[in-house]
Amino acid sequence: MSKQRSIKRTFNKDYDESLHLHHYLAIVSKNNDEKTVIRLSKKFCLESKRESDWRVGMEFLYMNGCLQEVRQLITRNKQSHNCVNKTWGIVYDIMLQWKNRAKAAHLLLHELNEIKTNTPELACIVSFLKVSIHYSTYQFDCIGSYLDNIAKQLSKIENPLLASSFTIRYHELLFIYYWKRNELILARKYGFRAINQTYHLEKKAHLHIRLALSYIYEDFTSSIYHLNEAIKLAKVFDNQPLLSIITEHNYPFVCAHFGQADGVQTTDLSEQAHLEIAKGNLKKAKSILSKIPINSPFRKYYLGLATGDRELLIHAYYDFVERRSDHFFARMPLQAFKQP
């Protein structure tokens with residue numbers, strides 16, 4: 001059967017209605033590239049009359065960055081007479097609110113705590129979303145408390161599409177968990193798994209950024225390689241905010257940390273100071289830092305380096321460890337403190 005006839009067949013009305021989303025994906029994935037698969041699957045999700053596809057479709061579309069279509073399915077699920085669909089719609093609505101930073105983290109967590117479910121699928125989604133909110137507020141110490149429960153729920157999920165999607169989410173979670181605990185071999189193992197499993201380019205880019213940062217105590221070349229991969233991906237889907245974060249913050253940070261500051265420029269004042277420190281221009285670095293609030297452990301670390309104030313380095317260390325449970329970046333001020 002030709003590619004065109006195969007595609008046409010998948011859109012036959014009677015044939016479509018006999019398929020679940022995961023069956024449909026298996027068929028169209030055989031003869032089409034990634035972009036075509038997502039385009040066809042978006043259409044399937046929005047045209048399906050099956051309530052289970054409305055639920056699973058939200059996860060598939062969210063994981064592939066199709067947020068406009070997720071919003072449509074959220075509305076459809078919340079309007080459903082099926083209480084299970086209503087609850088799924090509420091949870092994914094909270095998910096989009098978190099992604100768009102439309103509501104304070106503590107309010108979203110409160111809403112999630114009100115969700116009651118006995119289904120492993122929704123329990124997993126709620127746990128992943130809670131972890132994402134904790135991560136965005138630097139509460140890395142909370143991540144470990146979700147791991148065992150997510151693993152138990154994952155083993156109960158029968159839908160192959162959800163099982164695959166949740167496995168990617170779980171590997172991302174394990175990457176972050178081990179990264180922040182300085183267990184870098186395990187962290188990278190799960191980071192690379194997640195990159196190889198996901199089709200979502202933005203997710204791949206974020207994973208490359210985190211992998212780049214995981215090499216800052218070891219290998220400049222590997223760190224820059226992953227940043228360049230993230231830049232390529234950001235350009236492919238024309239994500240200017242993400243591209244700006246990489247070029248204005250992550251790239252100069254890595255270069256300054258390795259002492260490779262020549263020719264590197266940024267509009268980020270913190271990283272401007274960091275670059276000047278790397279060049280040995282401590283007076284200029286202090287001048288830059290005097291213009292911004294020293295309200296993060298990174299800025300305390302930079303000011304400690306610029307002024308030679310060892311007490312500031314210790315404060316930065318404890319801010320990383322005690323306020324963020326971030327044992328990875330805490331190594332920077334600790335190493336600086338130990339230097340003669």
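## A walk from α19 to α7 and back

Start by selecting Glu-322, which sits in helix α19, residues 310–324. You're looking at a predicted model, so keep the confidence colouring handy. Glu-322 is exposed, at 61% relative accessible area. Now add Gln-139 to the selection: the two C-alpha atoms are 9.9 Å apart, although these positions lie 183 residues apart along the chain.

Next, slide just past the end of that helix to Ser-325. You'll find Ser-325 in the loop between α19 and α20 (331–338). Check its backbone: phi is near 55°, which is positive, and this is a residue other than glycine. Is Ser-325 buried or exposed? It counts as buried because its relative accessible area is 19%, and the cut-off for buried is under 20%.

Now jump to helix α7, residues 83–99. Put a distance between its first and last C-alpha and you should get 25 Å over 17 residues, close to the 24 Å expected at 1.5 Å a residue. At the start of the helix, show the side chain of Asn-82: one of its oxygens comes to within 2.8 Å of the backbone nitrogen of Val-84.

Stay with α7 and colour by burial. Which residues of α7 are buried? The list runs Asn-85, Trp-88, Gly-89, Val-91, Tyr-92, Asp-93, Ile-94, Met-95, Leu-96, Gln-97 and Trp-98. To see what covers them, switch on the neighbours, including α5 (51–63), α6 (67–78), α8 (105–113), α9 (120–136) and α11 (160–180).

Follow α7 out of its end and you reach Arg-101, in the loop between α7 and α8. Here is another non-glycine residue with a positive phi, this time near 50°. Arg-101 counts as exposed because its relative accessibility is 51%, and the cut-off for exposed is over 50%.

Last stop: colour the whole chain by pLDDT. The mean is 91, and 95% of the residues reach 70 or more. For the two extremes among the elements, select helix α16 (residues 269–279), with the highest mean pLDDT at 98, and then helix α1 (residues 3–10), with the lowest at 44. Widen that second selection to residues 1–15, where pLDDT stays under 50 throughout. The model does give this stretch 18 contacts beyond four places in sequence. Don't lean on them, though: where pLDDT is low, the predicted coordinates should not be read in detail.

Technical notes
Residues are numbered from 1 along each chain as its sequence is written. This is a predicted model: local features need pLDDT of at least 70, side-chain atom pairs count only at pLDDT 80 or more; totals for chains, interfaces and linings use all residues. Side-chain values use heavy atoms; hydrogens and water are left out. Helices (H or I, at least four residues) and strands (E, at least two) are DSSP runs, numbered from the N terminus. The expected span of a helix is 1.5 Å times one less than its number of residues. Buried means under 20% relative accessible area, exposed over 50%, partly exposed in between (1.4 Å probe, protein chains only). Contact means heavy atoms within 4.5 Å. A polar contact is a pair of N or O atoms within 3.5 Å; within protein, one must be able to donate a hydrogen and the other to accept it, and residues adjacent in sequence count only if both atoms are side-chain atoms. pLDDT is the predictor's confidence in each residue, from 0 to 100.
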